[in-house]
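Reader: Hi! I have a fresh model open and would like to talk it through with you. Could you put it up so we can both look?

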Amino acid sequence: MLKRSFRRLFLVGGILTLITFMSGCSMLRGPVYPDIIYNNRQPLISVTYEYGEIEVRLPLNYIGAVPDNISFEVYAQGDTVNTIISILQEAPRVFIVYLPQGVLDIHNKSNIIKIIPQDTNFQPVSIRFQGILFGRIQLPRKSIQMKQLIVFGKVFLNKNNSSLSGVSVSMQNFDNVIKETTTNDSGFYQIAIPGEYKYAQHLRLVAGNNLIFKPFKQKLDFSQAFRLNFNIGVGPSATLEDPLYLTNRENVHFREHPDIGSETLFLLEAGEAISVTRVTPGEYHGSIEVEVGNKKSVQMYGWIYRSDVFLLDLNNIFKKEGGDDSEL
């Protein structure tokens, strides 16, 4: 009887313990999810979703100076109004940006990266590229440089204001030629040089090295602008009367009197014009033009040796090359 009572007690206790355990588990159990719903079709189709990002890498090459900061703007599918992303950062060697999957045009080069240096001395540039669904896009290296410095204008003959074609025009730093060109049939010229010369102190424009006249020289100052317009007059002005002679060498003495030992007023460059008014067996007397500033000039009178000058022929003002004269 004792064994039966013990067994009943053990059985009742076990049942109570089991009920308590099950009740406690129900309190700890997580939320119940509904059964999977099938479409009852064969074969069963499994659909998965993938999310991938696009890495765009753009190496940069800086020509000359480097801007402190650059703004990068990314546009997609030809939309240049709404940016996908805009990033302002210190000038990097490689620009890296991560874009979400599916935003780029994968068929055409209608996606754009605008590179905008935060310095007005530098030239903004844009790059068009074709996108991918996801992965890495490696773009070719792009150069960043300062804006070009441009000087332009016309070259004409001071005597009659006629345009001159074929005249050499150059931009020089000290005596080093940076860029050189010649005027076209209308006498027009244009020269562009790298922006790194913007604050150069010895930059100048030189025209007419291939003419028999003294070359035109003008100091250039780009500190306040990127484009300068200079119309260049070469040769003697209309105020100098005929006959006109030109000096044939450098450092020609232009003296106050014809006497030996007379004071030298000026040392003239080759190609300087003199309007002759009197003639002696060995010398000419006449006037030259002397610049006094603000593009103004005055006439000074004096004497010059006849052996130091030659008669000017306006029909043949180009220097001889290979034995042939170039006609005006």
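Author: Happy to. One term before we start: two strands count as paired if DSSP finds at least two bridges between them. Also keep in mind that this is a predicted model.

Reader: Good to know. So which residue in β14 is the bridge partner of Leu 205?

Author: The partner of Leu 205 is Gln 218. Leu 205 belongs to β13, residues 203–207, which pairs with β14 in the antiparallel sense over four bridges.

Reader: And what is the order of the strands in that open sheet?

Author: The order is β11-β10-β13-β14, with antiparallel pairing. The edges are β11 (176–182) and β14 (216–219); each has a single partner strand, so one side of each lacks a neighbour in the sheet. From one strand to the next, the twist averages 20 degrees.

Reader: Nice. Stepping back, how many helices and strands does the chain have?

Author: One helix and 23 strands. The chain has 328 residues, and 34% of them are buried. Among contacts with a separation of 6 or more, 59% join residues 24 or more positions apart.

Reader: What about the open sheet with β2 and β5, which strands are at its edges?

Author: That sheet has four strands in the order β3-β2-β5-β6, again with antiparallel pairing. Its edge strands are β3 and β6 (125–129), each pairing on one side only. The twist there averages 15 degrees from one strand to the next. Inside the sheet, β2 and β5 are joined by six bridges, and Val 74 has Ile 113 in β5 as its bridge partner.

Reader: Let's switch to β4. Which of its side chains are buried?

Author: Phe 95, Val 97 and Leu 99 are buried and point to one face. Val 94, Ile 96, Tyr 98 and Pro 100 point to the other face and are not buried. That fits a general pattern: in a regular strand, side chains alternate between the two faces of the sheet.

Reader: What does β4 pair with?

Author: Strand β1, residues 53–63, runs antiparallel to β4 and is joined to it by seven bridges. Val 97, one of the buried residues on β4, is the bridge partner of Val 56.

Reader: I always check charges. Is Asp 105 buried or exposed?

Author: Asp 105 is buried, and it has no salt bridge. The nearest side chain of opposite charge is Arg 128, 8.4 Å away, whereas a salt bridge needs the charged atoms within 4 Å.

Reader: Then what does the side chain of Asp 105 reach?

Author: It reaches the backbone nitrogen of Asn 108 at 3.3 Å. Asp 105 is in the loop between β4 (94–100) and β5 (111–117). Leaving aside neighbours within four places in sequence, Asp 105 is in contact with Gln 77, Ser 110, Asn 111, Gln 130 and Gly 131.

Reader: Gln 77 caught my eye earlier. What is its phi?

Author: Phi of Gln 77 is near 55 degrees, a positive value in a residue other than glycine. Gln 77 is in the loop between β2 (69–75) and β3 (85–90). Asn 251 also has a positive phi, near 60 degrees. Asn 251 sits in the loop between β17 and β18 (252–255), and its 48% relative accessibility is why it counts as partly exposed. As background, most residues other than glycine have a negative phi.

Reader: Last one: which peptide bond is cis?

Author: The bond from Asp 242 to Pro 243 is cis, with omega near 0 degrees. You can find Pro 243 in the loop between β16 (232–234) and β17 (244–247).

Conventions. Residues are numbered from 1 along each chain as its sequence is written. This is a predicted model: local features need pLDDT of at least 70, side-chain atom pairs count only at pLDDT 80 or more; totals for chains, interfaces and linings use all residues. Side-chain values use heavy atoms; hydrogens and water are left out. Helices (H or I, at least four residues) and strands (E, at least two) are DSSP runs, numbered from the N terminus. Axes are lines fitted to C-alpha atoms, for helices over the stretch in contact, and angles run from 0 to 180 degrees between N-to-C directions. Buried means under 20% relative accessible area, exposed over 50%, partly exposed in between (1.4 Å probe, protein chains only). Lys and Arg count as positive and Asp and Glu as negative; His and the chain ends are not counted. A polar contact is a pair of N or O atoms within 3.5 Å; within protein, one must be able to donate a hydrogen and the other to accept it, and residues adjacent in sequence count only if both atoms are side-chain atoms. Contact means heavy atoms within 4.5 Å.
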